[in-house]
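Visitor: I'm new to reading protein models. Could you walk me through this one, feature by feature?
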Amino acid sequence: SSTIRMSNSSNLQLDVSGISNDKTRECELVLPNDLLRDFDCVFFEGVGLGALTVIVGDTVDPLLDGFHPANSMVGITIQTTISMNFSEPVFPRNRSFVPLTALGGDWSGGR
């Protein structure tokens with residue numbers, strides 16, 4: 001959740017770091033005209049729609065929804081295409097190479 005903090009009498013901070021956000025979003029900050037007042041009870045005129053926009057980044061990791069062939073499947077051929085489905089679009093760090101790590105077995109017949 002977000003927190004509002006006054007760092008001094010004239011600085012209002014809205015901390016949104018605890019908000020879980022599943023994609024980059026453009027957000028408008030609206031402050032109603034009766035939300036803030038000074039020590040003499042004079043209200044701040046407010047900030048209306050369209051006056052202040054911020055962009056909040058994606059904070060949720062992509063999830064692996066499924067893959068084919070099944071986990072620990074035996075007897076697949078070297079020509080098999082491995083397919084993985086994620087909860088959102090993902091991109092390898094290097095678009096031309098995704099490493100494959102052998103776990104056990106003998107790969108001595110390879111390069």
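Guide: Happy to. Let's start with a term we'll need: a residue counts as exposed when its relative accessible area is over 50%, as buried under 20%, and as partly exposed in between. Take D65: its relative accessible area is 55%, so D65 is exposed. Keep in mind, too, that this is a predicted model.

Visitor: Where is D65, and what is D65 in contact with once neighbours within four places in sequence are left aside?
Guide: D65 sits in strand 5. Leaving out those sequence neighbours, D65 touches N85, F86 and S87. Look at the pair D65 and F86: they are 21 residues apart in sequence, while their C-alpha atoms are 5.1 Å apart in space.

Visitor: How do I judge the confidence of a predicted model?
Guide: Look at pLDDT, the predictor's confidence in each residue, on a scale from 0 to 100. Where pLDDT is low, the predicted coordinates should not be read in detail. The mean for this protein chain is 81, and 86% of its residues reach 70 or more.

Visitor: Where in the chain is confidence lowest, and where highest?
Guide: Strand 1, residues 3-8, is lowest with a mean of 69. Strand 5 is highest, at 92.

Visitor: How many helices and strands should I look for?
Guide: Zero helices and six strands. Read from the N terminus, the elements go β-β-β-β-β-β.

Visitor: And how much of the chain is buried?
Guide: Of its 111 residues, 5% count as buried. The chain exposes about 10,100 Å², and carbon and sulfur atoms supply 55% of that area. You can also ask how far along the sequence the contacts reach: among contacts between residues at least 6 apart, 38% join residues at least 24 apart.

Visitor: Can we look at a residue in strand 1?
Guide: Sure, try R5, which lies in strand 1. R5 counts as partly exposed, because its relative accessibility is 46%. Setting aside neighbours within four places in sequence, R5 is in contact with N11, L12 and Q13. You can check a distance as well: R5 and D15 are ten residues apart along the chain, and their C-alpha atoms are separated by 7.7 Å.

Visitor: Which residue would show me the buried case?
Guide: N21, with a relative accessible area of 5%. N21 lies in the loop between strand 2 (11-15) and strand 3. A polar atom of the N21 side chain lies 3.4 Å from the backbone oxygen of V56. V56 also turns up among the contacts of N21 beyond four places in sequence, together with G57, D58, T59 and V60.

Visitor: What about charged side chains?
Guide: Side chains of opposite charge can pair when their charged atoms come close. The count here comes to one salt bridge. It joins the side chains of D22 and R25, at 2.5 Å from N to O. D22 is partly exposed at 43% relative accessibility, and R25 is partly exposed too, at 33%.

Visitor: Which residues make up the nonpolar patch on the surface?
Guide: L64, F67, I82, M84, F86, V90 and L100, with about 670 Å² of accessible area together. The elements that give two or more residues to this patch are strand 5 and strand 6. V90, one of the patch residues, is found in the segment after strand 6. At 34% relative accessibility, V90 counts as partly exposed.

Visitor: How do I spot something unusual in the backbone?
Guide: Start from the usual pattern: most residues other than glycine have a negative phi, and most peptide bonds are trans. Now look at the peptide bond from H68 to P69, which is cis, with omega near 0 degrees. P69 belongs to the loop between strand 5 (64-68) and strand 6 (83-86).

Visitor: And where do I find a positive phi in a residue other than glycine?
Guide: One is S72, with phi near 65 degrees. S72 is in the loop between strand 5 and strand 6, and S72 is exposed, with a relative accessible area of 63%. Another case is C41, whose phi is positive, at about 65 degrees, although C41 is not a glycine. For C41, look in the loop between strand 3 (25-28) and strand 4 (53-56).

Key. Residues numbered from 1 in each chain as written. Predicted model: local features only at pLDDT ≥ 70, side-chain atom pairs only at ≥ 80, totals over all residues. Heavy atoms only, no water. Buried < 20%, exposed > 50% of the residue type's maximum accessible area, 1.4 Å probe, protein only. Contact = heavy atoms within 4.5 Å. Areas by Shrake-Rupley, 256 points an atom, 1.4 Å probe, with all protein chains shown as cover. Salt bridge = Lys/Arg side-chain N within 4 Å of Asp/Glu carboxyl O. Polar contact = N/O pair within 3.5 Å; in protein donor to acceptor, adjacent residues only side chain to side chain. Patch = residues over 30% accessible without salt bridge, like charges linked within 9 Å, V, L, I, M, F, W, Y side chains within 5 Å.
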